[in-house]
Amino acid sequence: MNKGKASAKQSRHELQCVDRSGQAVKVHNHQSGLFKFLYDCSAGGFLLRGMVHPLPSKFVGLFLNSGASKVLIPLFVRRNDIDLSEYKPGPYKNFNAFFCRDILPEARKIDSSANSVISPCDGKIQVFPIDEGSGFEIKGIPYTIATLLKDSELAERYQGGTLMLIRLGVDDFHRYAYPVSGREKGNIRINGKLHTVNPFAAERRAIYCENSREYSLIDTESLGTVLMMEVGALMVGKIVNLHSVGQVTRGQEKGYFRYGASSIVLCFEKGRIVPDPDLIENTEKGVETIVRLGEKIAIF
């Protein structure tokens, strides 16, 4: 890789984040050096092949479910500047119990507009158009809905529609809710690897089609069928969905991630929603927007 290409890639992966007012927000990226080694170095690539296999994450998960893992909590809080005043207090029996901690009801408000789609989680959002061939692009990497879902027939439903990607960091609240009301039709599991969802990796691999993921379809009155997908990532022990089939309500808790950074993908049919203008503008600039669970992100 020549220096010009390397510096261009570096500037892209150091993605700026802004809040809803457009102010720049500092994002923790403690592991950037490690990701450069894993994704840009031949020796790192050899190590990466073992790390992204689900088995190492299972072993890490076993430790994080043990009482001994409690010693990690204070360091994790300090390193990531986590404001614990927003959350229900412990004590926590292990690190995963802390990581999946519940938030105080008043800390996240559900938008009250009758025609709004809400963010299902805390995270950094980008909005992408889906072309008539069901294709879209994230960080310069081409995707199709068909490869994302491993279902070409279902992919046709979202041709010309909209895809929203919400990336969670380790410092984010890791429970998620339904963005709309409707009838959930069940969960579909797609096994895969567990790459990090850090932007550095997203520029180099089609991680959202490689990683383990789980999606559900929500039939609605006004929005057709909304697709919601949870994507596992490096050292994510498990995606835990609490419901399978039945009526669900916008803002109702859907599930949670165990340790690690993760992502949620929302897909909407053509012409069904109008994403908030700031989210579109920021995405076109290559900027992620900080959102919180319950905030309006689109109207219908």
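Here is a walk through the side-chain contacts of this structure, from charged pairs to aromatic rings. Keep in mind as you look around that this is a predicted model.

Let's start with the charges. Across the whole structure, a search turns up 19 salt bridges. A good one to find is the pair made by Asp278 and Arg20, whose side chains meet with N and O 2.7 Å apart. Asp278 belongs to helix H11 (residues 277–284), while Arg20 sits in the loop between strand S1 (17–18) and strand S2 (24–25), so this salt bridge ties together parts that are 258 residues apart in sequence. How covered up are the two partners? Asp278 has a relative accessible area of 19%, and because buried means under 20%, it counts as buried. Arg20, with a relative accessible area of 28%, is partly exposed. The two also take part in something wider: a network of salt bridges links Arg20, Asp276, Asp278, Glu295 and Lys296.

Next, move over to Lys185, which forms a salt bridge with Asp219; here the closest N and O atoms are 3.7 Å apart. This is another link between distant parts of the chain, with Lys185 in strand S9 (residues 182–190) and Asp219 in strand S10 (residues 213–219), 34 residues apart. Lys185 is partly exposed at 45% relative accessible area, and Asp219 is partly exposed too, at 30%.

One more charged pair is worth a stop. Glu269 and Arg272 form a salt bridge, with 3.3 Å between the closest N and O atoms. Is each partner buried or partly exposed? Glu269 is buried, with a relative accessible area of 10%, whereas Arg272, at 31%, counts as partly exposed.

Now for a change of scene on the surface. Leu55, Phe59 and Leu62 make up a nonpolar patch there, and together they have about 340 Å² of accessible area. If you want a way in, look for Leu62 in helix H4 (residues 54–64). Leu62 is exposed, with a relative accessible area of 59%.

Then come the aromatic rings. The whole structure holds 13 aromatic pairs. One of them joins Tyr87 and Phe173: the ring centres are 5.9 Å apart and the planes sit at 55 degrees, so the pair is tilted. Tyr87 lies in the loop between helix H5 (72–79) and helix H6 (95–99), and Phe173 in the loop between strand S7 (162–168) and strand S8 (175–177), so to speak a link between distant parts of the chain, 86 residues apart. Both Tyr87 and Phe173 are buried. 

A second ring pair brings together Tyr176 and Phe257, with centres 5.1 Å apart and planes at 50 degrees, so this one is tilted as well. Tyr176 is in strand S8 and Phe257 in strand S14 (residues 253–257), and the pair links these distant parts of the chain, 81 residues apart. Tyr176 is buried, with a relative accessible area of 1%, and Phe257 is buried at 0%.

Rings can also gather in groups. Ring pairs link Phe76, Tyr92, Phe95, Phe98, Phe99 and Tyr259 into a cluster. Phe98 has a charged visitor too: Arg101 lies over its face, 4.4 Å from the ring centre. Elsewhere, the charged end of Arg175 sits over the ring of Tyr256, 4.7 Å from the centre of that ring.

Note on methods
Residues are numbered from 1 along each chain as its sequence is written. This is a predicted model: local features need pLDDT of at least 70, side-chain atom pairs count only at pLDDT 80 or more; totals for chains, interfaces and linings use all residues. Side-chain values use heavy atoms; hydrogens and water are left out. A salt bridge is a side-chain nitrogen of Lys or Arg within 4 Å of a carboxyl oxygen of Asp or Glu. Helices (H or I, at least four residues) and strands (E, at least two) are DSSP runs, numbered from the N terminus. Buried means under 20% relative accessible area, exposed over 50%, partly exposed in between (1.4 Å probe, protein chains only). Patches are made of residues with over 30% relative accessible area and no salt bridge: like charges are joined within 9 Å, nonpolar side chains (Val, Leu, Ile, Met, Phe, Trp, Tyr) within 5 Å. Accessible areas come from the Shrake-Rupley method with a 1.4 Å probe; for residues, only the protein chains shown count as cover. Rings of Phe, Tyr and Trp (its six-membered ring) pair if their centres lie within 6.5 Å; planes under 30 degrees apart count as stacked, over 60 as edge-to-face and the rest as tilted. A charge sits over a ring if NZ of Lys or CZ of Arg is within 6 Å of the ring centre and within 35 degrees of the ring normal.
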